[in-house]
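Trainee: I am new to this structure. Could you take me closely through its sheet, please?

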Amino acid sequence: MDNLSNSFIPSIFILFLICFLSIGLFLKKTSKAIDYRLFLGSLPSLVRNSNHLPVWYTEVFCSLGKGSFFIDGPIFSNLKYLVTCNDKNIEYILKSDFNNFPKGPKFKQIFDPLGDGIFNVDSDAWKLQRRMAHTAFISGEFKVLLSNISGSVVKDQLLPFLVHVAEAGSVIDLQELCSRFAFDVNMKAIFGIHANYLSIELPSNDLAEAVAFIQEAILHRFTMPMSFWKLMRLFGIGREGEALKALKIINAHFYEYISQKRINLSNGVKTFDLLSSYIESSSTQEHKTTTTASSSPKYDDKFLRDSMLSLVIAGKNALASGLNWFLWLVSKTQIVEKKILEELKVLMSSKTGMLFEWPCVFDSNDINGLVYLHAALCESLRLYPPIPTNSKTVLNEVVLPDGSLVKPGMKISLAFYSVARMPWIWGEDCLEFRPERWIDDDGKLKRYDSKFFPFNLGPRTCLGKDMSFTHLKAVAAAVLFNFQVQVLEGQNVRPRASITLLMEKGLEVKIQKRVI
Ligand code: HEM
């Protein structure tokens with residue numbers, strides 16, 4: 001009997017465990033787009049859809065018929081986060097109760113290649129970074145510099161490149177072109193450097209490639225346990241090993257630019273760019289804080305390196321993504337393309353009469369005031385926000401405007417991409433590319449501050465917003481007025497998982513000279 005009970009009891013226990021687990025694996029509370037399994041939570045759905053999260057989130061919101069849902073990890077994993085596209089929640093988190101929703105320590109660890117740059121810090125460190133960046137971005141000198149940069153990169157690099165492609169009849173990847181343009185304008189604005197990444201020979205550029213690689217490596221960190229990627233980094237293996245090499249390249253370039261800029265400034269050679277502005281304002285700050293030296297921040301080369309890397313990362317991909325989706329949307333919406341061309345034609349004729357040179361170059365100051373072009377860009381950014389999600393952490397327990405309860409330490413994912421696709425936020429025609437929704441009866445631009453989040457909202461609103469519109473308009477006008485962009489047929493255009501909203505396989509196009 002003893003023997004029997006010795007083997008019987010454990011067997012029953014194991015059988016019970018297997019049944020329990022099996023029920024858990026198969027028992028699910030399901031909507032069309034997401035499963036909640038008893039022990040695994042929604043992890044299987046999450047993993048299955050991790051390559052196109054923004055699209056999947058949208059499907060889940062639609063299938064549940066509400067603007068928030070929780071992702072639960074396996075039992076005991078302590079993984080639970082809220083995904084929300086509810087506009088009232090987003091406004092509350094980003095603006096009304098801003099201090100309760102920092103990015104959080106986990107975010108900082110994942111984004112650690114960025115050091116203490118603005119993108120990566122909270123509280124006082126962020127306030128300091130924000131103050132310095134804001135001073136630089138709002139200065140009159142910087143605004144003049146910007147329109148000059150757009151104008152010169154468009155005239156001297158983009159147009160010759162497109163003329164060449166049109167004449168050769170070759171196929172190009174528009175996403176790659178936008179990325180090269182964005183790199184060049186950002187390098188000029190941030191370091192005052194002419195990188196010439198966008199040129200006919202399509203040169204390689206180790207810095208541009210290293211920056212792109214770091215972003216991919218950061219993205220991969222989101223998809224695996226922290227201990228795993230930290231171990232890989234410790235041993236310098238796999239993607240983490242490659243990321244270390246990319247960081248070395250970035251650091252070598254950045255420290256060289258910083259040292260060169262310091263030498264130039266001390267020799268009285270002054271250029272205006274964001275790095276110069278930071279160096280100058282950091283020496284003023286240092287001067288002010290020498291008395292409290294032990295607690296005050298250090299404005300050394302590491303500080304400048306971190307600050308500049310955040311600006312490069314913040315600017316480059318978002319701008320490239322915004323441009324690429326815009327040109328794609330316009331190329332497949334003839335009525336919008338026609339209206340943009342009419343607006344540009346009226347502007348050009350008012351300047352030069354009816355005789356246009358080809359290729360035409362627009363003055364940044366003139367195109368800044370174009371209403372329809374601005375509306376079309378807003379509409380494109382609404383549908384394809386270059387930063388499709390934003391992540392926050394909860395400090396104190398609170399009930400959000402839609403009734404969702406969030407607890408300390410919990411992560412919240414703000415699903416910007418989905419906001420535009422909810423009829424209860426943007427109306428029944430929300431999926432249409434319709435710039436007219438941005439223009440009122442008097443022909444003036446409308447604002448939708450409480451439901452348009454591509455540039456964030458509240459105290460952490462994007463500092464490069466105006467700069468981006470200047471660049472976007474310069475490229476949009478130059479490309480659309482001078483060329484027809486023909487998207488090659490048979491491409492399945494869809495977003496892929498990335499920190500910025502990229503097209504999964506780029507966008508193959510042909511360029512043809514446009515006759516106005
Ligand atoms: C179409 C282009 C752009 C879009 C859609 C965009 C969007 C955004 C978004 C959503 C954020 C918030 C990110 C977060 O909190 O994690 C952000 C932050 C920021 N952006 Fe942009 N951005 C664009 C271009 C640029 C450019 C060209 C620059 C300048 C180089 C820039 C500079 C910044 C900075 C400095 C921040 C940090 C603000 C802070 O944390 O206080 N952005 N941007």
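Mentor: The following account takes the sheet strand by strand and then turns to the helix beside it. The model is predicted, so local features need pLDDT of at least 70 and side-chain atom pairs count only at pLDDT 80 or more, whereas totals for chains, interfaces and linings use all residues. Residues are numbered from 1 along each chain, as its sequence is written.

The sheet is open and consists of four strands (DSSP runs of E, at least two residues, numbered from the N terminus), arranged in the order 3-4-9-6 with mixed pairing. Two strands count as paired if DSSP finds at least two bridges between them. Strand 3 (68–72) and strand 6 (389–393) occupy the edges; each has a single partner strand, so one side of each lacks a neighbour in the sheet. On average, neighbouring strands here are turned by 25° against each other, with direction ignored.

The pairing at one edge deserves a closer look. Strand 6 runs antiparallel to strand 9 (residues 411–415), and five bridges join the two. Among the bridge partners, Thr393 is matched with Lys411 in strand 9.

Helix 4 (residues 87–96; helices are DSSP runs of H or I, at least four residues) packs on this sheet. Helix 4 touches strand 3, strand 4 (80–84), strand 6 and strand 9, where contact requires C-beta atoms, placed from the backbone, within 7 Å. The direction of helix 4 makes about 120° with that of strand 9; axes are lines fitted to C-alpha atoms, for helices over the stretch in contact, and angles run from 0 to 180 degrees between N-to-C directions.

Notes:
Contact = placed C-beta atoms within 7 Å.
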